[in-house]
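Open your viewer and get ready to click along. We will go from stop to stop, selecting a few residues each time and looking at what is there.

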Amino acid sequence: LLGHYCPWPCNTPDGESAALFTNIKFNNIRGYGKQRNTVVEFKCSEYEHCTDILMQDVSLKARDDAEGHMTCENIDSLEIDVDS
């Protein structure tokens, strides 16, 4: 899962343009990372932070079956429901 968005062609070198992502839910997702151990990456804009992101019943592993890693930038509200 990659949470970086820049419409093609991505030509905002100043980084002052952003899309606002809010109330996003990821439910019942299974899989493996293809290239690296980071399987979830949210890179939200410093100008418009992502808010109210919910990950429920999500199981993503690295390609070598190891535990996958998650990186986040500029998220104001992220909930991970591990009880599902």
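## Stop one: a threonine and its partners

Select T51, which you will find in strand 3. This model is predicted, so keep in mind that every value on the tour is computed from it. Now add T22 to your selection: the side chains of T51 and T22 are joined by a polar contact of 2.6 Å. Which other residues does T51 touch, if you leave out those up to four places away in sequence? Besides T22, they are F21, N23, D76 and S77.

## Stop two: the whole chain

Zoom out and switch to a cartoon view. The protein has five strands and zero helices, and from the N terminus on its elements run β-β-β-β-β. Of its 84 residues, 20% count as buried. Look also at how the chain meets itself: among contacts with a separation of 6 or more, 83% are between residues 24 or more positions apart. If you turn on the surface, you are looking at about 6200 Å² of exposed area, with carbon and sulfur atoms supplying 45% of it.

## Stop three: the nonpolar core

Hide the surface and select F26, V39, V40, F42, C44, C50, I53, M55 and L60. These nine residues make up the largest nonpolar core. Try colouring by strand: strand 2 and strand 3 (51-61) each supply at least two residues of this core. Here is some background to go with the view: in soluble globular proteins, nonpolar side chains tend to be buried together.

## Stop four: two rings

How many aromatic pairs are there? The count comes to one. Select F26 and F42 to see this pair, whose rings are tilted, with 5.9 Å from centre to centre and 55° between the planes. The pair links distant parts of the chain, since F26 sits in strand 1 (residues 22-32) and F42 in strand 2, 16 residues apart. Both F26 and F42 are buried.

## Stop five: the cysteines

Next, select C44 and C50. They form a disulfide, with their sulfur atoms 1.8 Å apart, and a search of the whole structure finds one disulfide. Turn the view until you can look along the S-S bond: the torsion about it is about -95°, so the disulfide of C44 and C50 is left-handed. Are C44 and C50 buried or exposed? Both are buried.

Now add C72. Why does C72 not bond to C44? The sulfur of C72 is 7.9 Å from the closest cysteine sulfur, the one in C44, and that is too far for a bond. C72 is partly exposed, with a relative accessible area of 36%.

## Stop six: a charged residue in strand 2

Select E41, in strand 2 (residues 38-43). Its relative accessible area is 11%, so E41 counts as buried, the cut-off being under 20%. Show K43 as well: the side chains of E41 and K43 make a polar contact of 3.5 Å.

## Last stop: a glycine in a loop

Finish by selecting G33, in the loop between strand 1 and strand 2. Its relative accessibility is 13%, so G33 counts as buried too. Leaving out neighbours within four places in sequence, G33 is in contact with V39, K61, A62 and R63. To end the tour, draw a distance line from the C-alpha of G33 to the C-alpha of L60: they are 7.1 Å apart in space, while the two residues are 27 apart in sequence.

Methods:
Residues numbered from 1 in each chain as written. Predicted model: local features only at pLDDT ≥ 70, side-chain atom pairs only at ≥ 80, totals over all residues. Heavy atoms only, no water. Helix = DSSP H or I, 4+ residues; strand = E, 2+ residues; numbered from the N terminus. Buried < 20%, exposed > 50% of the residue type's maximum accessible area, 1.4 Å probe, protein only. Polar contact = N/O pair within 3.5 Å; in protein donor to acceptor, adjacent residues only side chain to side chain. Phe/Tyr/Trp six-rings, centres within 6.5 Å; stacked < 30°, edge-to-face > 60°. Contact = heavy atoms within 4.5 Å. Areas by Shrake-Rupley, 256 points an atom, 1.4 Å probe, with all protein chains shown as cover. Core = buried A, V, L, I, M, F, W, Y, C linked by side-chain atoms within 4.5 Å. Disulfide = S-S within 2.5 Å.
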